[in-house]
Amino acid sequence: MARFIRLLSLIVTILWCTVSFAQNNRVTVVSSTTSANGTIRPECQDEAGLFIALTSKFPQPSNWHFVIVCDDPSWDEFVRKSGQYKPGVIVYGTTYVQSRVTYISGWRLLHPDTFSGAPTPARIVAHEIAHVVLKTEDDTKAEAQAAIWMRNADFTVSTINEAPKSAGQ
Ligand SMILES: [Zn+2]
């Protein structure tokens with residue numbers, strides 16, 4: 001599964017930053033675009049901050065690598081090149097259990113889809129964390145576990161709004 005990491009780096013390794021958080025997990029942000037001064041765009045850091053804040057609501061994995069793909073074109077390319085593209089199907093995240101890596105569409109965490117039944121950012125994170133904790137690539141199992149966590153988790157508006165402030169820790 002390391003080939004997916006290489007694949008992604010071919011697509012988007014222009015800028016990246018890595019932050020550590022609990023349990024020896026890592027979050028890497030990748031983006032194909034930069035801000036005017038050549039640094040990673042603040043929006044990418046906000047995505048990582050929101051992701052980390054949301055993961056705190058769920059059981060913590062350990063020794064896992066989360067890759068936040070910051071911008072939409074890069075995510076679309078990842079979806080295509082990882083063989084997941086299907087017309088009309090939106091991919092929000094992908095977990096590869098063997099290689100202990102999860103890719104998340106950072107754009108859709110900050111800009112959630114609004115159509116009826118679209119997953120919230122918390123739901124996207126819960127689903128991928130379920131894959132990780134259950135060590136399964138089975139979507140039905142992950143979705144069932146995510147639903148249980150979502151019923152018990154507390155997602156106040158203030159929590160979500162404050163989340164980007166923790167970016168870059
Ligand atoms: Zn899934």
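R100 sits in the loop between β4 and β5. Let me start there. Helices and strands here are DSSP runs, H or I over at least four residues for a helix and E over at least two for a strand, numbered from the N terminus. Residue numbers count from 1 along each chain as its sequence is written. This is a predicted model, so mind the thresholds: local features need pLDDT of at least 70, side-chain atom pairs count only at pLDDT 80 or more, and totals for chains, interfaces and linings use all residues.

Back to R100. Its phi is positive, about 55 degrees, although R100 is not a glycine. Is R100 buried, exposed or partly exposed? A residue is buried with 20 or more other C-beta atoms within 10 Å of its own, exposed with 12 or fewer, and partly exposed in between; C-beta atoms are placed from the backbone. R100 has 18 C-beta neighbours inside 10 Å, so it counts as partly exposed.

There is another residue of this kind. K135 lies in the loop between α5 and α6. Its phi is near 50 degrees, again positive in a residue other than glycine. K135 is exposed, because just 11 other C-beta atoms lie within 10 Å.

Now the whole chain. It has 7 helices and 5 strands. From the N terminus the order is α-β-β-α-β-α-β-β-α-α-α-α. Of the 169 residues, 38% count as buried. Contacts next: two residues are in contact if their C-beta atoms, placed from the backbone, lie within 7 Å. Take the contacts with a separation of 6 or more; residues 24 or more positions apart account for 65% of them.

On to the core. A nonpolar core is a set of buried Ala, Val, Leu, Ile, Met, Phe, Trp, Tyr and Cys residues joined through C-beta atoms within 7 Å. The largest one has 36 residues, and V29, F51, I68, V69 and I104 touch the most other members. Elements giving two or more residues to this core are β2, α2, β3 (65–69), α3 (72–81), β5, α4, α5 and α6. In soluble globular proteins, nonpolar side chains tend to be buried together.

Two of those core residues deserve a look. V29 lies in strand β2, residues 25–31. It is buried, because 27 other C-beta atoms lie within 10 Å. The C-alpha atoms of V29 and E47 are 8.5 Å apart, with their positions 18 residues apart along the chain. I104 touches F51, F66, I68, V69, G93, L109, I124 and E128, leaving aside residues up to four places away in sequence.

Next, α5, residues 121–134. It has 14 residues and reaches 20 Å from first C-alpha to last, close to the 20 Å expected at 1.5 Å a residue. That expected span is 1.5 Å times one less than the number of residues. How many residues of α5 are buried? The count is 12 of the 14, so α5 is largely enclosed by the rest of the structure. Among the buried ones are R123, H127, E128 and H131. The cover includes α2 (42–55), β4 (93–96), β5 (101–105), α4 (106–110) and α6 (139–152).

Last, α6. It also has 14 residues and reaches 20 Å, close to the 20 Å expected. A142, Q145 and A146 are buried. Seen down the axis, the buried residues fall within an arc of 105 degrees, so they line one face of the helix. That arc is taken over the directions from the helix axis to the C-beta atoms. These buried residues pack against α5. On the other side of α6, T140, A144, I148 and R151 are exposed.
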